[in-house]
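Colleague: Could you take a close look at one part of this model for me, the salt bridges? I would like to hear how the pairs sit within the fold as a whole.

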Amino acid sequence: MTTTAELVEQERRLQFSRFTNEDAWRLGCLLAELAGERGLPITVDIRRGEQQLFHYALPGTCADNDAWIERKIRVVRRYGASSYLVGQRFREKGSSFEEKSRLCPDRYAAHGGAFPVVVTDVGLVGTVAVSGLAQVDDHKLVVEALERFLEG
């Protein structure tokens, strides 16, 4: 299992110098390509602010994946951290997000798969999210894609 310190380090490392519509398109295509090559049934969603810049549902997904994405994104926006990190912080305190956050679980999900899009010296500008796998796998896929995208 990934520790809170490792998750915090991922967020520190995986920041953009800028984030354009073209960046969203290229990152979304990379995620869709990785999932397609691996036969993963995921939905991909990328936003800047409130604007959805990329959305794609691979075969095997359904409208529930869209609902999960919405709930995970709300967590990122509220806490300014990945949905997996937020959930991990609650788990490390011996409880769960659902028990202790006092937020409606129909609207918020601290499950892996939504990651903050942070522009260095600007802050949180958007989100990249996937849904369809186990939460740790959703999170790992987003991190892998961000690492590849930011290296290139």
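Modeller: Happy to; what follows goes from the overall fold to the individual charged pairs. Please keep in mind that this is a predicted model.

Let me set the scene with the fold. The protein has six helices and four strands, and from the N terminus on they are arranged as α-α-β-β-α-α-α-β-β-α. Its radius of gyration is 14 Å, close to the 15 Å that the globule rule gives for 152 residues, so the protein is as compact as a globular protein of that length. The C-alpha trace spans about 40 × 40 × 30 Å along the principal axes. Of the 152 residues, 47% count as buried. Among contacts with a separation of 6 or more, 67% join residues 24 or more positions apart.

Now to the charges. The protein carries 20 positive and 22 negative charges, and the mean positions of the two sets are 5 Å apart. Side chains of opposite charge can pair when their charged atoms come close. With a cut-off of 4 Å between a side-chain nitrogen of Lys or Arg and a carboxyl oxygen of Asp or Glu, the count comes to 10 salt bridges. Three of these pairs make a nice tour.

Let us begin with R18 and D23, whose closest N and O atoms are 2.8 Å apart in a salt bridge. The two partners have unlike surroundings: R18 is partly exposed at 48% relative accessibility, whereas D23 is buried, with a relative accessible area of 4%. This pair also belongs to a network of salt bridges that links R18, D23 and R26.

The next pair is E144 with R38, where the side chains meet in a salt bridge at 2.6 Å, N to O. E144 lies in helix α6 (residues 135-151) and R38 in helix α2 (residues 21-38), so this pair ties together parts that are 106 residues apart in sequence. R38 itself is partly exposed, its relative accessible area being 39%.

Finally, D45 and R47 form a salt bridge with their closest N and O atoms 2.7 Å apart. Here D45 counts as buried, at 0% relative accessibility, and R47 is buried too, with a relative accessible area of 7%.

To put these pairs back into the whole: the protein exposes about 7600 Å², and carbon and sulfur atoms supply 48% of that area. If you want one pair to view alongside the fold, try E144 and R38, since helix α6 and helix α2 are the parts that this salt bridge ties together.

Definitions and conventions:
Residues are numbered from 1 along each chain as its sequence is written. This is a predicted model: local features need pLDDT of at least 70, side-chain atom pairs count only at pLDDT 80 or more; totals for chains, interfaces and linings use all residues. Side-chain values use heavy atoms; hydrogens and water are left out. Buried means under 20% relative accessible area, exposed over 50%, partly exposed in between (1.4 Å probe, protein chains only). Helices (H or I, at least four residues) and strands (E, at least two) are DSSP runs, numbered from the N terminus. The radius of gyration is taken over C-alpha atoms; the globule rule is 2.2 Å times the number of residues to the power 0.38. Contact means heavy atoms within 4.5 Å. Accessible areas come from the Shrake-Rupley method with a 1.4 Å probe; for residues, only the protein chains shown count as cover. Lys and Arg count as positive and Asp and Glu as negative; His and the chain ends are not counted. The place of a charge is taken as NZ of Lys, CZ of Arg, CG of Asp or CD of Glu.
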